[in-house]
Amino acid sequence: MMMVALLTLTVVMAQGENRERRAPKKMTPAEMTKRMVKDLNLNDKQKTQVQALNEQYKDYLNGPGMGGQRPPKPDSEPGAAPQQEHQRPQMTEAQKAQMKQYKAKREEYDKKLKTILTDAQYKTYQKMQKRRGPGGPGGPRDGKRPERSQSE
C-alpha cells in the first residue's frame with residue numbers, strides 16, 4: 001500500500017510541475033533583447049537601440065495588461081435560455097479602451113523597431129511573432145487544442 005501511495009504522489013507532483021512549466025513566462029527587456037540579438041543577428045549598434053526601445057515599451061511587450069480577468073459569467077435567470085458553456089462574458093468598456101491603448105502602443109513599438117532593423121531582420125521578427133500564435137508562446141497556433149494521444 002505504501003508503494004502505491006508513493007507512486008501516486010510522485011505522478012501527481014510530476015503533473016503539477018508540467019503545468020507550471022507550461023505557463024508563459026513574462027520576459028524582461030534584457031531577456032527580450034538577448035533573444036532578439038541571437039534570433040535576428042543584431043550588431044552592437046542595433047543591440048543598444050533595441051535594448052533602449054525594449055526598456056521604453058516594457059509595459060506593453062508582454063501582452064495586454066488587462067488588470068484582472070474578465071467579469072464572471074452572470075447566473076442565468078429562471079426560465080431564461082441556457083447559455084453556451086464556451087461563451088465568454090463581454091469585456092467592459094474600460095477593458096476595451098485598455099486593449100485599444102495596448103494595440104496602439106504595440107504598433108508604435110513595431111514602427112520604431114522597423115527603423116532599427118534591416119528589412120530581412122524585420123521580416124524574421126514578424127515571422128517570430130506569428131509563430132507565437134493566439135495562445136502566446138507554446139499556445140495553439142490555429143486556435144484549436146492539439147489532439148492528445150492515449151499515452152498522455
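Is glutamine 46 buried or exposed? Keep that in mind as we walk through this predicted model, because glutamine 46 has a relative accessible area of 7%, and that makes it buried: the cut-off is under 20%.

Let's begin where glutamine 46 sits, which is helix α3. Leave out residues up to four places away in sequence, and glutamine 46 touches Asn41, Ile116, Leu117, Thr118 and Gln121. The last name on that list deserves a stop. The side chains of glutamine 46 and glutamine 121 are joined by a polar contact of 2.7 Å.

So what about glutamine 121 itself, buried or exposed? With a relative accessible area of 9%, glutamine 121 is buried too. You'll find glutamine 121 in helix α6. Its side chain also reaches the backbone oxygen of leucine 40, at 3.1 Å. Setting aside neighbours within four places in sequence, glutamine 121 is in contact with Leu40, Asn41, Leu42 and Gln46.

From there it's an easy hop to leucine 42, which lies in the loop between α2 and α3. How far apart in sequence are leucine 42 and glutamine 121? They are 79 residues apart along the chain, yet their C-alpha atoms are 8.3 Å apart in space. Leucine 42 is buried, at 8% relative accessible area. Apart from neighbours within four places in sequence, leucine 42 is in contact with Met36, Val37, Lys47, Val50, Leu117 and Gln121.

Now for the nonpolar side of things. In soluble globular proteins, nonpolar side chains tend to be buried together. Here, the largest nonpolar core has 15 residues, and those with the most contacts inside it are Met36, Leu40, Tyr109, Leu113, Leu117 and Tyr125. Which elements give two or more residues to this core? They are α2 (29–40), α3 (44–56), α5 (93–116) and α6 (119–132).

Pick out tyrosine 109 from that core. Not counting residues up to four places away in sequence, tyrosine 109 touches Met36, Leu53, Asn54, Tyr57, Leu61 and Tyr125. Two of those names, Tyr57 and Tyr125, lead us to the aromatic rings.

How many aromatic pairs does the structure hold? There are two. In one of them, tyrosine 57 and tyrosine 109 meet edge-to-face, 5.6 Å centre to centre and with 65 degrees between the planes. This pair links distant parts of the chain: tyrosine 57 comes from the loop between α3 and α4 (58–61), tyrosine 109 from helix α5, and their positions lie 52 residues apart in the numbering. Both partners are tucked away from the surface: tyrosine 57 counts as buried at 2% relative accessibility, and tyrosine 109 counts as buried at 1%.

The other pair is made by tyrosine 122 and tyrosine 125, whose rings are tilted, 5.8 Å centre to centre with 35 degrees between the planes. Both of these tyrosines lie in helix α6, three residues apart, about one turn of the helix. Tyrosine 122 is buried, with a relative accessible area of 11%, and tyrosine 125 counts as buried at 3%.

If you want to trace this yourself, start again at the polar contact between glutamine 46 and glutamine 121, step over to leucine 42 through its contact with Gln121, and go on to Met36, which both leucine 42 and tyrosine 109 touch. Tyrosine 109 then takes you to tyrosine 57, its edge-to-face partner.

Terms used:
Residues numbered from 1 in each chain as written. Predicted model: local features only at pLDDT ≥ 70, side-chain atom pairs only at ≥ 80, totals over all residues. Heavy atoms only, no water. Core = buried A, V, L, I, M, F, W, Y, C linked by side-chain atoms within 4.5 Å. Buried < 20%, exposed > 50% of the residue type's maximum accessible area, 1.4 Å probe, protein only. Helix = DSSP H or I, 4+ residues; strand = E, 2+ residues; numbered from the N terminus. Contact = heavy atoms within 4.5 Å. Phe/Tyr/Trp six-rings, centres within 6.5 Å; stacked < 30°, edge-to-face > 60°. Polar contact = N/O pair within 3.5 Å; in protein donor to acceptor, adjacent residues only side chain to side chain.
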